[in-house]
Amino acid sequence: MTRALQFLMLWSFVLSIVGCCHTDPEAEKAAQLGISPEQNRKMLHDNPFYRYLMEDAHDYKTDTRLFLQRVQAKTNPQQLQDWARTVLEAHKSDGDFFLLPTNSIPSFILKLDPPIEPSVYVFPHSSYVTIFWGGGFGHWGLFVGGNNVPDNPVIYTIEWVPGVYAFHDLQ
């Protein structure tokens, strides 16, 4: 038997063992969650971090524009401004900024950019509310309230309407 034939026989044996034992990690994860592989794939693709890693040509300007488009498909600026005005009025005598408890955030805000729920900071003296998402890959969100966007050299903003700005940090 030639060396080439021995190699091919060994290689086909190895491939048959690997092929019979190979499992689909997505199917395994879906089984652990008690959902179908298709539902698992949809959950992955709906995740902003997954989208960020899998889509091409990312930069903070593109990410901000895409985020704003997702928000525009789910709400309107008047609804955001009315809610922010109510929150700011209720807390106008509060001191410095504070984190709004999740149970005080309306569902239309919580569902703006799923699957992650946003954090909401209220800045009563500056008259705006910040709704933001993010983590190690960056932060993005909305400034809602006054007509002046907070001045921050590491934040890129896009004005939706006066008083509502989408933002993304520059990383």
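# A walk through a six-stranded sheet and its helix

Hi everyone. Let's start with one residue: Y156 lies in strand β5. Before we go on, this is a predicted model, in which local features need pLDDT of at least 70 and side-chain atom pairs count only at pLDDT 80 or more, while totals for chains, interfaces and linings use all residues. Residues are numbered from 1 along each chain as its sequence is written, and side-chain values use heavy atoms, leaving out hydrogens and water.

A word on names: helices (H or I, at least four residues) and strands (E, at least two) are DSSP runs, numbered from the N terminus.

Back to Y156. Is Y156 buried or exposed? Neither, in fact: Y156 is partly exposed, with a relative accessible area of 23%. Here buried means under 20% relative accessible area, exposed means over 50%, and partly exposed is in between, using a 1.4 Å probe and protein chains only. Which residues does Y156 touch? Not counting residues up to four places away in sequence, Y156 touches Y60, K61, T64, A166, F167, H168 and L170. Contact here means heavy atoms within 4.5 Å. Y60 is a nice one to find on the screen: Y156 and Y60 are 96 residues apart in sequence, yet 7.4 Å apart in space, C-alpha to C-alpha.

Now let's zoom out to the sheet. Two strands pair if DSSP finds at least two bridges between them. In what order do the 6 strands of the open sheet stand? The order is β1-β2-β3-β4-β6-β5, with antiparallel pairing. β1 and β5 are at the edges with a single partner strand each, so one side of each has no neighbour in the sheet.

Let's go through some of the pairs. At one edge, strand β1 (residues 98-99) is joined to β2 by 2 bridges, antiparallel, and L99 has Y121 as its bridge partner in β2. Next, β2 and β3 run antiparallel and are joined by 5 bridges; S119 stands opposite F132 in β3. The hairpin of β2 and β3 has 4 residues between the strands, and S127 takes a positive phi near 60° there. Notice that S127 is a residue other than glycine. S127 is partly exposed, with a relative accessible area of 37%.

On to strand β6, residues 164-169. On one side, strand β4 (residues 138-145) is joined to β6 by 5 bridges, antiparallel. Strand β5 (residues 155-161) also pairs with β6 in the antiparallel sense, over 6 bridges. F167 is worth a click: F167 is the bridge partner of G141, and F167 is also the bridge partner of T157. The hairpin of β5 and β6 has 2 residues between the strands, and G163 in the turn has a positive phi of about 95°.

How many of the 6 residues of β6 are buried? The count is 6 of 6. In a regular strand the side chains alternate between the two faces of the sheet. You can see that in β6, where V164, A166 and H168 point one way and Y165, F167 and D169 the other way.

Now for the helix α6 (77-90). α6 has 14 residues and reaches 20 Å from its first C-alpha to its last, close to the 20 Å expected at 1.5 Å a residue; that expected span is 1.5 Å times one less than the number of residues. The buried residues of α6 are P77, L80, Q81, W83, A84, V87 and L88. They cover an arc of only 165° around the axis, which puts them on the same side of α6; the arc is that of the directions from the helix axis to the C-beta atoms. The face turned away from that buried side carries the exposed residues T86 and A90. And what covers the buried residues of α6? The list includes α7, β2, β3, β4, β5 and β6.

Finally, the core. A nonpolar core is a set of buried Ala, Val, Leu, Ile, Met, Phe, Trp, Tyr and Cys residues joined through side-chain atoms within 4.5 Å. The largest one has 25 residues, and L80, W83, I109, V120, V129, I131 and L142 touch the most other members. α6 gives the largest share of this core, 5 residues. Leaving aside neighbours within four places in sequence, I109 is in contact with L80, W83, P118, V120, I131 and W133. A second, separate core of 5 residues includes F123, Y128, Y165 and F167.

That's my tour, thanks for listening!
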